[in-house]
Amino acid sequence: MRILRYIAAIIIVNCNLSIVNNACAQKRIVEQPKDTVPLLCGVQVSYNLAGTVMKMASDYGEYEGAVRVSLKNKFFPTFEMGYGMSEHDRDEITTIHAKSSAPYFRLGCDYNIAKNKQDIYRILLGVRYAFSKFDFEVDAEPTDPVWGNKTSYSIKENCNYHWTEVLFGVDAKIWGPLHLGWSIRYKLKLSSKEGSSGDLWYIPGFGKQGNSVGGTFNIGLEL
């Protein structure tokens with residue numbers, strides 16, 4: 001009986017030790033390493049080259065800059081501001097000449113969907129709210145089809161445009177603080193005041209009326 005009690009005591013002690021060891025092992029598995037990534041990882045200032053190239057190659061375009069804040073390299077609150085300009089040359093048939101120029105603003109946030117958030121490459125999904133208030137000027141010199149004499153008229157109206165953008169983009173560290181990135185954007189009008197002259201030909205920051213897809217190519221410095 002003493003031997004049996006001794007064996008039973010050894011078994012109980014071993015079982016208790018096994019339970020404690022398993023609990024400690026499970027605790028070690030459950031415990032995650034502490035997040036050492038700071039909340040504020042950096043601030044990037046960038047310039048959109050695509051808008052400038054468009055202005056040089058066509059009759060409309062933008063000069064646009066942006067400020068982006070990195071929060072844990074996951075979330076990127078972004079503010080974009082630019083100045084859009086257009087001047088449509090007088091059409092040979094309709095004799096219409098149109099122009100507009102004004103600042104515009106965008107505010108939104110991007111999310112880094114890359115698996116490694118600390119990589120030098122970022123894959124971004126984002127959304128923007130955008131707004132522009134501007135004057136739209138139209139003038140024409142049509143020829144009277146009966147008498148053959150020319151008449152002229154001009155319209156200047158104050159307009160505004162609200163829209164949203166959903167984007168997919170890539171940002172990459174090239175060297176030191178230098179970054180390059182691009183984005184493709186789908187634009188959707190929310191509301192507008194377009195005046196009595198009908199659909200606007202160009203909206204600063206949005207682009208030509210009816211073009212729902214656009215893009216940017218940015219060069220920036222991140223500190």
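Helices (H or I, at least four residues) and strands (E, at least two) are DSSP runs, numbered from the N terminus. This is a predicted model, in which local features need pLDDT of at least 70, side-chain atom pairs count only at pLDDT 80 or more, and totals for chains, interfaces and linings use all residues. Residues are numbered from 1 along each chain as its sequence is written, and side-chain values use heavy atoms, with hydrogens and water left out.

**Exercise 1. Lay out the elements of the protein chain in order from the N terminus.**

Step 1. Count the elements. The protein chain has two helices and 10 strands.

Step 2. Put them in order. From the N terminus, the run is α-β-α-β-β-β-β-β-β-β-β-β.

Step 3. Check burial. Buried means under 20% relative accessible area, exposed over 50%, and partly exposed in between (1.4 Å probe, protein chains only). Of the 223 residues, 33% count as buried.

Step 4. Check contact range. Contact means heavy atoms within 4.5 Å. Take the contacts with a separation of 6 or more: 63% of them join residues 24 or more positions apart.

**Exercise 2. Work out which side chains make polar contacts with Glu 165, and do the same for Glu 80.**

Step 1. Set the rule. A polar contact is a pair of N or O atoms within 3.5 Å; within protein, one must be able to donate a hydrogen and the other to accept it, and residues adjacent in sequence count only if both atoms are side-chain atoms.

Step 2. Place Glu 165. Glu 165 is in strand β6. Glu 165 counts as buried because its relative accessibility is 1%.

Step 3. Find its partners. The Glu 165 side chain meets that of Arg 106 at 3.1 Å and that of Arg 185 at 2.9 Å.

Step 4. Turn to Glu 80. Glu 80 sits in strand β3, residues 75-88. With 3% relative accessibility, Glu 80 is buried too. Its side chain makes a polar contact of 2.8 Å with the side chain of Arg 185.

Step 5. Widen the view beyond four places in sequence. Glu 80 has contacts that include Tyr 104, Arg 106, Arg 128 and Arg 185. For Glu 165, the contacts include Arg 106, Arg 128, Arg 185 and Lys 187.

**Exercise 3. Describe the largest cavity and the largest pocket.**

Step 1. Define both. On a 1 Å grid over the protein atoms alone, a cavity is a set of points where a 1.4 Å probe fits but cannot get out, and a pocket is an open set with protein on both sides within 12 Å along at least five of seven lines; lining residues have an atom within 4 Å of a point. Grid points are joined across faces, edges and corners, and a volume is the space filled by probe spheres set on the points.

Step 2. Size the cavity. There is one cavity of 30 Å³ or more. The largest cavity holds about 220 Å³.

Step 3. Read its lining. Of 27 lining residues, Arg 68, Ser 183, Arg 185, Thr 216 and Asn 218 lie nearest the centre. Strand β7 gives the most, six residues.

Step 4. Sort by class. Ala, Val, Leu, Ile, Met, Phe, Trp, Tyr, Cys and Pro count as nonpolar, Asp, Glu, Lys and Arg as charged, and the others, Gly among them, as polar. The cavity lining has eight nonpolar, 12 polar and seven charged residues.

Step 5. Repeat for the pocket. The largest pocket has about 320 Å³ of space. It has 20 lining residues, and Glu 62, Lys 187, Phe 206, Gly 214 and Gly 215 are the closest to its centre. Strand β10 gives the largest share, four residues. By class, five are nonpolar, eight polar and seven charged.

**Exercise 4. Find which residues in the loop between β2 and β3 have a positive phi without being glycine.**

Step 1. Recall the background. Most residues other than glycine have a negative phi, and most peptide bonds are trans.

Step 2. Take Lys 72. Lys 72 lies in this loop, with phi near 60 degrees. Lys 72 is partly exposed, at 24% relative accessibility.

Step 3. Take Asn 73. Asn 73 lies in the loop between β2 and β3, and its phi is about 60 degrees. At 11% relative accessibility, Asn 73 is buried.
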